[in-house]
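Hi,

Here is the structure I promised to pass on to you. Have a look at it first, and then read on for what turned up.

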Amino acid sequence: LEFLYQIAGIGGDYQYYKLVGTMTGYLRVARWLDLAGRFRVGSILTYGAKAGTPISERFYLGGADTVRGWGARRISPRLEECDPTTGKCKSIPIGGFTSVQSNFEMRFRVWGPLSLIGFLDVGDVQAGRGVFKPSEWNLAAGPGIRYDSPVGLIRLDAGFHLNDPGVHDEPFWAV
């Protein structure tokens, strides 16, 4: 179990609290099979005359440690930017104030330091405070490989979207 509490605003330009709770668990089912799971939820609360949060401190998901079917920091509320001459639009992640994430892995030991995994990731970031919309949660799954080298763990995962989150300028997979 982990609980993170940050306070900002003592002499700064922004005033906010950032709260993140994480629960992680591991279970060895057999000599060759491990299960791993994580659930994380976070919220940012602003206060005072300088209520606000810098864009760099907001919540984002996506990437190797969160929802692996997405590129790093790509799951987030977005700002639409359109070119007036072509009409072509792209969306830019701007971070949010509420985050929920869950990961589940099955780790199969193949030989010595080599393992294969299967994973399922779920996550979402919302602009509102304390807002959870399960119908908008992003689902991703895929395979991975792990090599426990003498200098540390080397891993490679390929994640694929399992639902349509409504963001069409993002690839449906990530490595």
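A word on terms before the details: contact here means heavy atoms within 4.5 Å. By that rule, and not counting residues up to four places away in sequence, tyrosine 16 touches Gln6, Ile7, Ala8, Ile44, Leu45, Thr46, Tyr47, Gly52, Thr53, Pro54 and Glu57. Please keep in mind that this is a predicted model.

Let me stay with tyrosine 16 for a moment. This residue sits in strand E2. Is tyrosine 16 buried or exposed? Its relative accessibility is 7%, and because buried means under 20%, tyrosine 16 counts as buried. For a sense of distance, the C-alpha atoms of tyrosine 16 and glycine 69 are 30 Å apart, with these positions 53 residues apart along the chain.

Now the overall picture. The protein chain has 11 strands and zero helices, so you will read β-β-β-β-β-β-β-β-β-β-β along the sequence. Along the principal axes, the C-alpha atoms fill a box of roughly 55 × 45 × 35 Å. The chain has 175 residues, and 35% of them count as buried. Among contacts with a separation of 6 or more, 51% are between residues 24 or more positions apart. About 10300 Å² of the protein chain is exposed, and 62% of that comes from carbon and sulfur atoms. As for charges, there are 19 positive and 17 negative ones, and their mean positions are 5 Å apart.

You may enjoy the aromatic rings. How many aromatic pairs does a search of the whole structure find? There are four. One of them joins tyrosine 5 and tyrosine 17, which are stacked at 6.0 Å centre to centre with 25° between the planes. Tyrosine 5 belongs to strand E1 (residues 2–8) and tyrosine 17 to strand E2 (residues 16–30), so this pair ties together parts that are 12 residues apart in sequence. Both rings belong to partly exposed residues: tyrosine 5 has 45% relative accessibility, and tyrosine 17 has a relative accessible area of 27%.

Phenylalanine 160 and phenylalanine 172 make another aromatic pair, this one tilted, with 6.3 Å between centres and 40° between the planes. Phenylalanine 160 lies in strand E10 (residues 159–161), while phenylalanine 172 is in the loop between E10 and strand E11 (173–174), so here too the pair ties together parts that are 12 residues apart in sequence. Phenylalanine 160 is partly exposed at 34%, whereas phenylalanine 172 is exposed at 52%. Going back to the tyrosines, ring pairs link Tyr5, Tyr17 and Tyr47 into a cluster; Tyr47 is also one of the residues that tyrosine 16 touches.

Charges meet rings as well. Lysine 18 lies over the face of phenylalanine 59, 5.0 Å from the ring centre. The charged end of arginine 129 is placed over the ring of phenylalanine 97, at 4.0 Å from its centre.

Phenylalanine 97 leads on to glutamine 126. Leaving aside neighbours within four places in sequence, glutamine 126 is in contact with Pro77, Gly96, Phe97, Thr98, Val131, Lys133 and Glu136. Glutamine 126 is found in strand E7 (residues 114–126), and with a relative accessible area of 10% it is buried.

Happy browsing, and best wishes!

Definitions and conventions
Residues numbered from 1 in each chain as written. Predicted model: local features only at pLDDT ≥ 70, side-chain atom pairs only at ≥ 80, totals over all residues. Heavy atoms only, no water. Helix = DSSP H or I, 4+ residues; strand = E, 2+ residues; numbered from the N terminus. Buried < 20%, exposed > 50% of the residue type's maximum accessible area, 1.4 Å probe, protein only. Areas by Shrake-Rupley, 256 points an atom, 1.4 Å probe, with all protein chains shown as cover. Lys, Arg positive; Asp, Glu negative; His and termini not counted. Charge placed at Lys NZ, Arg CZ, Asp CG, Glu CD. Phe/Tyr/Trp six-rings, centres within 6.5 Å; stacked < 30°, edge-to-face > 60°. Lys NZ or Arg CZ within 6 Å of the ring centre and 35° of its normal.
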